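Trainee: Hi, have you got a few minutes to go through a model with me? I'd like to talk about side chains.

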Amino acid sequence: MRAARTFSAARGGLRGRGIVVASDSPVYEQLTRGLLESHAESVPLLFNLGLILFKSGQPERARDPLERVLLRA
């Protein structure tokens, strides 16, 4: 719950009821990486990071976190 509050507070609440806006990708990437520092094995966080990177046009950077998800699935 704390992470959700941090995430929401950092963006002043999510726009469009949780829809990620492409221009916000660096913010979401930074927040997700910050959360991964204390939850390095979190499959949802790794998946979200991969998705953020992929949707922001960085498929080569998305590969590592997504492969880590597959190893833990």
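Mentor: Sure, let's take the salt bridges and then the nonpolar core. This is a predicted model, where local features need pLDDT of at least 70, side-chain atom pairs count only at pLDDT 80 or more, and totals for chains, interfaces and linings use all residues. Residues are numbered from 1 along each chain as its sequence is written, and side-chain values use heavy atoms, with hydrogens and water left out.

Trainee: Great. How many salt bridges are there?

Mentor: The count comes to 4, where a salt bridge is a side-chain nitrogen of Lys or Arg within 4 Å of a carboxyl oxygen of Asp or Glu.

Trainee: Which residue does Glu41 pair with?

Mentor: Glu41 pairs with Arg72, with the closest N and O atoms 2.6 Å apart. Glu41 lies in the loop between helix 2 and helix 3 (43-55) and Arg72 in helix 4 (residues 59-72), so this salt bridge ties together parts that are 31 residues apart in sequence. Helices here are DSSP runs (H or I, at least four residues), numbered from the N terminus.

Trainee: And are those two buried or exposed?

Mentor: Glu41 is exposed, at 51% relative accessible area, while Arg72 is partly exposed at 32%. The cut-offs are under 20% relative accessible area for buried, over 50% for exposed, and partly exposed in between (1.4 Å probe, protein chains only).

Trainee: What about Arg33 and Glu29, how far apart are they in helix 2?

Mentor: They are 4 residues apart in helix 2 (residues 25-38), which means about one helical turn separates them. Their side chains form a salt bridge at 3.0 Å, N to O. Glu29 is buried at 12% relative accessibility, whereas Arg33 is partly exposed at 36%.

Trainee: Anything like that in helix 4?

Mentor: Yes, Glu67 and Arg63 form a salt bridge, with 2.7 Å between the closest N and O atoms. Glu67 and Arg63 are also 4 residues apart, about one helical turn, in helix 4. Arg63 is exposed at 56%, and Glu67 is partly exposed at 36%. Elsewhere, salt bridges with shared partners link Glu29, Arg33 and Arg61 into one network.

Trainee: Switching topic, which residues make up the largest nonpolar core?

Mentor: That core has 7 residues: Leu36, Leu45, Leu46, Leu49, Leu53, Ala62 and Val69. A nonpolar core is a set of buried Ala, Val, Leu, Ile, Met, Phe, Trp, Tyr and Cys residues joined through side-chain atoms within 4.5 Å.

Trainee: Which helix gives the largest share?

Mentor: Helix 3 does, with 4 residues. Helix 3 and helix 4 are the elements that give two or more residues to this core.
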